[in-house]
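Let's take a walk through this model together, starting from a single side chain and working outward. Have your viewer ready.

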Amino acid sequence: MEETIFQKIIRKEIPADIVYEDTDILAFKDVRPIAPVHILIIPKKRITSIAEMKDEDAAVVGKMFLVARNIARDLNISEKGYKLLIRVGKGGGQEVNHLHVHLLGGARLTENIHPVGEE
Ligand code: AMP
């Protein structure tokens, strides 16, 4: 399995603007934000995508959503609302093959899910 840039961020080999960390989860600001708040929440364990997720990953994936909820609360965007986005595979637009939830908020968000062509 090819190494991803997110594994280098987990090992602190490349810098990231980390907003939360525990033994299972890391959250950091997206380097190319598409909303005023744009944070990526990732498991430290390598899970390639939701399509590759194993039954035993359910707890850590659930924890990713709790972390997203807590960060949204801390940033005071819970009340207005926000978007959680997970892309799955090439056809879903996933570029980094390490599972990540995008936490997007701080503005009224449009549906940015238009097909861009054939796979
Ligand atoms: P996706 O298209 O869902 O796989 O999203 C990958 C996201 O990772 C994109 O929004 C990128 O801007 C973001 N990204 C890629 N490299 C980095 C990095 N070194 N630090 C922070 N975010 C990154």
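**Starting from M64**

Keep in mind that this is a predicted model. Set aside the neighbours within four places in sequence, and M64 is in contact with I25, I41, I42, P43, L99, H100 and V101.

M64 also belongs to a wider group: the largest nonpolar core has 17 residues, and M64 is among those with the most contacts inside it, together with I25, I39, I41, V61, I71 and L103. Which elements give two or more residues to this core? They are β2, β3 (37–43), α2 (58–74) and β5 (101–105). Helix α2 gives the most, with 7 residues. Apart from this core lies another, of 8 residues, including I9, I10, L40 and I42. Such grouping fits a general pattern: in soluble globular proteins, nonpolar side chains tend to be buried together.

Now have a look at β2 from its other side of the story, the pairing. Strand β1 (residues 18–21) runs antiparallel to strand β2 (residues 25–29), and 3 bridges join them. Follow Y20 across and you reach its bridge partner in β2, A27. The hairpin that joins β1 to β2 does so through 3 residues.

Finally, zoom out to the whole protein chain. Its 2 helices and 5 strands run α-β-β-β-α-β-β from the N terminus on. The radius of gyration is 14 Å, close to the 14 Å from the globule rule for 119 residues, so the chain is as compact as a globular protein of that length. Of those 119 residues, 35% count as buried. Among contacts between residues at least 6 apart in sequence, 53% join residues at least 24 apart.

Definitions and conventions
Residues numbered from 1 in each chain as written. Predicted model: local features only at pLDDT ≥ 70, side-chain atom pairs only at ≥ 80, totals over all residues. Heavy atoms only, no water. Pairing = 2+ DSSP bridges. Helix = DSSP H or I, 4+ residues; strand = E, 2+ residues; numbered from the N terminus. Core = buried A, V, L, I, M, F, W, Y, C linked by side-chain atoms within 4.5 Å. Buried < 20%, exposed > 50% of the residue type's maximum accessible area, 1.4 Å probe, protein only. Contact = heavy atoms within 4.5 Å. Rg over C-alpha atoms; globule rule 2.2 N^0.38 Å.
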